[in-house]
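Q: I should like to learn how to read the features of a protein model, one at a time. Where might we begin?

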Amino acid sequence: TGAVLMGPASVMGVRARSPGLRLPKALPRGGTIGLAAPAGVVDPERLEGGEASLRAAGFGIRRRDDLVSRHGHLAGDDARRAAELMELVEDPEVHAIVCVRGGYGSHRIMARLDAARVRRAAKPLVGYSDVTTLLLWQRRCAGLVGFHGPTLERAGGMDPAGLDALVGLLTGTGRLPLRLQGAAGMGGRA
């Protein structure tokens, strides 16, 4: 008997060759930002601060009512999270997508995403932590640049310098290279 070994690329539906890399479309001033929760459970009270920051910067917000769903430690089951992301990709009124939080679980929805539709929509995707998985999937499968940037679970709103940098990045008006400074939340060694 012979065994067939499948590496991560074939399991996740990654093609042998990546499409050419390109930048997503710039977010227009006053445009609409779609919020997605592709990973961990969202705290609605902490989310309010991040949403308020984006609204104060002049952007509209679009999100599903079930954004704060819970399925164990995830923001809903895999089908809900994948459908939410693809709905934002396909919605012509949404100009960029910001992931509300990281955590765990983004890798579980990759096989449900449509790289061709993501590439055609060419919307900026922002997040970090577990969302890095989606940013790398988007780069490899859809040939689009993604952005490591703040998630929105921010009690008290987003840091003004971070918000300005995010707006500049998404609208194409920011200065590069972008260098932000911060302080560690706790001591330790890596």
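A: Let us begin with one pair of side chains and ask about burial. E84 and R80 are both buried. Salt bridges with shared partners connect these two with R64, D66 and E87 in one network. Please note that the model is predicted.

Q: What general idea lies behind such pairs, and how far apart are the closest N and O atoms of E84 and R80?

A: Side chains of opposite charge can pair when their charged atoms come close. Here E84 and R80 form a salt bridge whose closest N and O atoms are 3.0 Å apart.

Q: Where do E84 and R80 lie in the secondary structure?

A: An α-helix has 3.6 residues a turn, so residues three or four places apart point the same way. Both E84 and R80 belong to helix α3, with four residues, about one turn of the helix, between their positions.

Q: Which other residue forms a salt bridge with R80?

A: D66 does: its side chain meets that of R80 at 3.2 Å, N to O. This pair links distant parts of the chain, since D66 is in the loop between β2 and α3 whereas R80 is in helix α3, 14 residues away. The burial of the partners can be read from relative accessible area, where under 20% means buried. R80 has 8% relative accessibility and therefore counts as buried, while D66, at 23%, is partly exposed.

Q: What is the salt-bridge partner of E87?

A: The partner is R64, with the side chains meeting at 3.0 Å, N to O. Because E87 lies in helix α3 (residues 78-90) and R64 in the loop between β2 and α3, the pair ties together parts 23 residues apart in sequence. E87 is partly exposed, with a relative accessible area of 41%; R64 is also partly exposed, at 22%.

Q: How many salt bridges does a search of the whole structure find?

A: The search finds 11 salt bridges.

Q: How is the geometry of helix α3 to be checked, and what does it pack against?

A: One compares the expected span with the distance between the end C-alpha atoms. At 1.5 Å a residue, the 13 residues of α3 should span 18 Å, and the end C-alpha atoms are 18 Å apart, so the two agree. The buried residues of α3 include D78, R81, A82, L85, M86, L88 and V89. The buried residues of this helix pack against β1, β2, β3, α4 (115-121), β4 and α5.

Q: How should I read the strands, and in what order do they form a sheet?

A: Strands of a sheet pair through backbone hydrogen bonds, either parallel or antiparallel. In this model five strands make an open sheet, ordered β2-β1-β3-β4-β5, with parallel pairing. At the edges are β2 (60-62) and β5 (147-148), each of which pairs on one side only. Within the sheet, β1 (residues 32-36) and β3 (residues 96-99) are joined in the parallel sense by four bridges. One residue of β3, C99, is the bridge partner of A36.

Q: Which helices lie across these strands, and at what angles?

A: Helix α2 (residues 44-56) lies across β1 and β2, at about 165° to β1. Helix α5 (residues 132-142) lies across β4 (125-127) and β5, at about 150° to β4.

Q: Is A96 in strand β3 buried or exposed?

A: A96, which is found in strand β3, counts as buried because its relative accessibility is 0%. Leaving aside residues up to four places away in sequence, A96 touches L27, T32, I33, G34, K123 and P124. The C-alpha atoms of A96 and P28 are separated by 9.4 Å, although their positions lie 68 residues apart along the chain.

Q: How many disulfides are there?

A: A disulfide is a covalent bond between the sulfur atoms of two cysteines. The test requires a pair of cysteine sulfur atoms within 2.5 Å, and the count here is zero. As for burial, C99 is buried at 0% relative accessibility, and C141 is buried at 6%.

Q: What pattern does the chain follow as a whole?

A: Along the sequence the pattern is α-β-α-β-α-β-α-β-α-β-α, with six helices and five strands. Of the 190 residues, 44% count as buried. Among contacts with a separation of 6 or more, 78% join residues 24 or more positions apart.

Key
Residues numbered from 1 in each chain as written. Predicted model: local features only at pLDDT ≥ 70, side-chain atom pairs only at ≥ 80, totals over all residues. Heavy atoms only, no water. Buried < 20%, exposed > 50% of the residue type's maximum accessible area, 1.4 Å probe, protein only. Pairing = 2+ DSSP bridges. Helix = DSSP H or I, 4+ residues; strand = E, 2+ residues; numbered from the N terminus. Contact = heavy atoms within 4.5 Å. Axes fitted to C-alpha atoms, helices over the stretch in contact; angles between N-to-C directions. Salt bridge = Lys/Arg side-chain N within 4 Å of Asp/Glu carboxyl O. Expected span 1.5 Å × (residues − 1).
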